[in-house]
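I opened this model to look up its helices, its metal sites and a few single residues. My notes follow in the order in which I looked.

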Amino acid sequence: WLKGLLAPPQECPQWAFFAHTLISEAALASPVVKPRARISSFLQTWSPSLKKLSPHLNRIIKTAKIYNIRWEAISINNDIARRLPVWFHIGASNNLNKLNNHSYATCLREKHAVTSVGQLENITARQSPLHRQNKACTCKHCDHDRTSFNCKKPFKCAKLANEILKCILPKWHPKTCTNGYSLIISPEQIPPENNPEEKTEFFDPTFPSPESLKDGFRAFVTSKQPCTSSAIQSPITPGDIPHLTTITITSSHRINRDRNYVSGGGAFFGQDDARNLSVNLPE
Ligand SMILES: [Zn+2]
Ligand SMILES: [Zn+2]
Ligand SMILES: [Zn+2]
């Protein structure tokens, strides 16, 4: 049941669509979230009041709380960053709080029909040299906003959209979120397997972005503030050829007198290498 609810309303089964409506009607009084800004309590920073929900929905929401189910990812690609709801965004600075209910935010929601980060970003792309900071601006974007959306002050809406976008933290921002990064090794660098007892495993440092909003939910997420900077690979110095490091690891574990697991191990980089590590088994 919970699974069907986690997807944003436009991607979920019909029963969940009604459930989303009920949940949004049960929104807590604080923060003030205008009905149009309520997209999914699982993808935004507002919550429903448990008391106002039917016992069934109440149980579903409680389960999500008990297991600490949250949308979280180490890497977010820009397609996913654009699909996330922009109002009450889960990865924004506190400055967004006062902008969510700004009067031009109402115009952006009701007239321009903005729900996602991507839609808001499109409004900020007013690159025309003809664009002017006044309500009579005749650039094609402002003209379109006035005629198709009946917006009275397109330049104000575009300006607010810009400010809102600035509140989205780097990891979540479509311009600064993770670009593709990968482990690059050439086939010649793969050492031959000479001893069947010693299996070589490649350490892959990539954390792929979720492919859809549904894929981004995680259970047992720490209650600590998640990291908000984007995942990056340390830059390679020009002319520096990437080389392969082989690390031999050992580990052992046993059960002690108190029936607890105790473990130890080591990592061997090479003779007299400062990076060699060992973790001792406690006595
Ligand atoms: Zn304009
Ligand atoms: Zn437009
Ligand atoms: Zn407007």
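**Helix H3 and its surroundings**

I began with the length of helix H3, residues 55-66: at 1.5 Å a residue its twelve residues should span 16 Å, and the end C-alpha atoms are indeed 16 Å apart, so the two agree. I note here that the model is predicted, and I read every value below with that in mind.

Next I asked which residues of H3 are buried. I found Leu-57, Asn-58, Ile-60, Ile-61 and Ala-64 on that list. Looking down the axis of H3, I see these buried residues fall within an arc of 165 degrees, and they therefore line one face of the helix. Pro-55, Arg-59 and Ile-66, by contrast, are exposed on the other side of H3. I then looked for what the buried residues pack against, and found helix H1 (2-6) and helix H2 (14-25). Just after H3, I also noted that Asn-68 has a positive phi of about 55 degrees.

**Zinc ion, ligand 1**

I turned to the metal sites and asked which protein atoms are the donors of the zinc ion (ligand 1). They are ND1 of His-131 and the SG atoms of Cys-137, Cys-139 and Cys-142, at 2.0 to 2.4 Å from the ion. The angles among the four donor atoms run from 107 to 112 degrees, and the site is tetrahedral. For comparison I wrote down that the ideal angle for four tetrahedral donors is 109.5 degrees. Along the sequence, the donor residues of this ion follow the spacing H-x5-C-x1-C-x2-C.

I also checked burial at this site, where both Cys-139 and Cys-142 are buried. Cys-142 has a relative accessibility of 1%, and it counts as buried because the cut-off is under 20%.

**Zinc ion, ligand 3**

I then looked up the zinc ion (ligand 3), which is coordinated by Cys-107 (SG), His-112 (NE2), Cys-151 (SG) and Cys-157 (SG) at 2.1 to 2.3 Å. Its four donor atoms subtend angles of 101 to 115 degrees, so I recorded this arrangement as tetrahedral. The spacing of its donor residues in sequence is C-x4-H-x38-C-x5-C.

For burial I went through three of these donors in turn: Cys-107 is buried with a relative accessible area of 13%, His-112 counts as buried at 7% relative accessibility, and Cys-151 counts as buried at 3%. With so many cysteines in my notes, I also looked for disulfides, and the structure holds zero.

**Helices H6 and H7, and the loop between them**

Cys-107 brought me to helix H6 (residues 103-110), where it is buried together with Ala-105, Leu-108 and Arg-109. Among the elements that cover the buried residues of H6 are helix H5 (96-99), helix H7 (117-124) and helix H9 (154-167).

In the loop between H6 and H7 I stopped at Ser-116, and asked whether this residue is buried or exposed. At 12% relative accessibility, Ser-116 counts as buried. Leaving aside residues up to four places away in sequence, Ser-116 touches Arg-82, Arg-83, Leu-84, Pro-85 and Val-86.

H7 itself is mostly covered, with six of its eight residues buried, namely Val-117, Gly-118, Leu-120, Glu-121, Ile-123 and Thr-124. The cover over these buried residues of H7 includes helix H4 (78-83), H6 and H9.

**Cys-227**

I looked at one further cysteine, Cys-227, which lies in the loop between strand E2 (217-218) and strand E3 (248-255). Cys-227 is partly exposed, with a relative accessible area of 46%. Its C-alpha atom is separated by 8.1 Å from that of Lys-171, although the two residues are 56 residues apart along the chain.

**The protein as a whole**

Last, I noted the overall layout: the protein has nine helices and five strands, and from the N terminus on its elements run α-α-α-β-α-α-α-α-α-α-β-β-β-β. Of its 283 residues, 36% are buried. Among contacts with a separation of 6 or more, I recorded that 60% come from residues 24 or more positions apart.

How values were computed
Residues are numbered from 1 along each chain as its sequence is written. Chains are lettered from A and ligands numbered from 1 in the order in which they are written. This is a predicted model: local features need pLDDT of at least 70, side-chain atom pairs count only at pLDDT 80 or more; totals for chains, interfaces and linings use all residues. Side-chain values use heavy atoms; hydrogens and water are left out. Helices (H or I, at least four residues) and strands (E, at least two) are DSSP runs, numbered from the N terminus. The expected span of a helix is 1.5 Å times one less than its number of residues. Buried means under 20% relative accessible area, exposed over 50%, partly exposed in between (1.4 Å probe, protein chains only). The arc is that of the directions from the helix axis to the C-beta atoms. Contact means heavy atoms within 4.5 Å. Donors are N, O and S atoms within 2.8 Å of the metal (3.2 Å for Na, K and Ca); water is not among the atoms, so sites may look incomplete. Four donors count as tetrahedral if all angles lie between 85 and 135 degrees; four count as square planar and six as octahedral if opposite donors are over 155 degrees apart and all others between 65 and 115; anything else is irregular. A disulfide is a pair of cysteine sulfur atoms within 2.5 Å.
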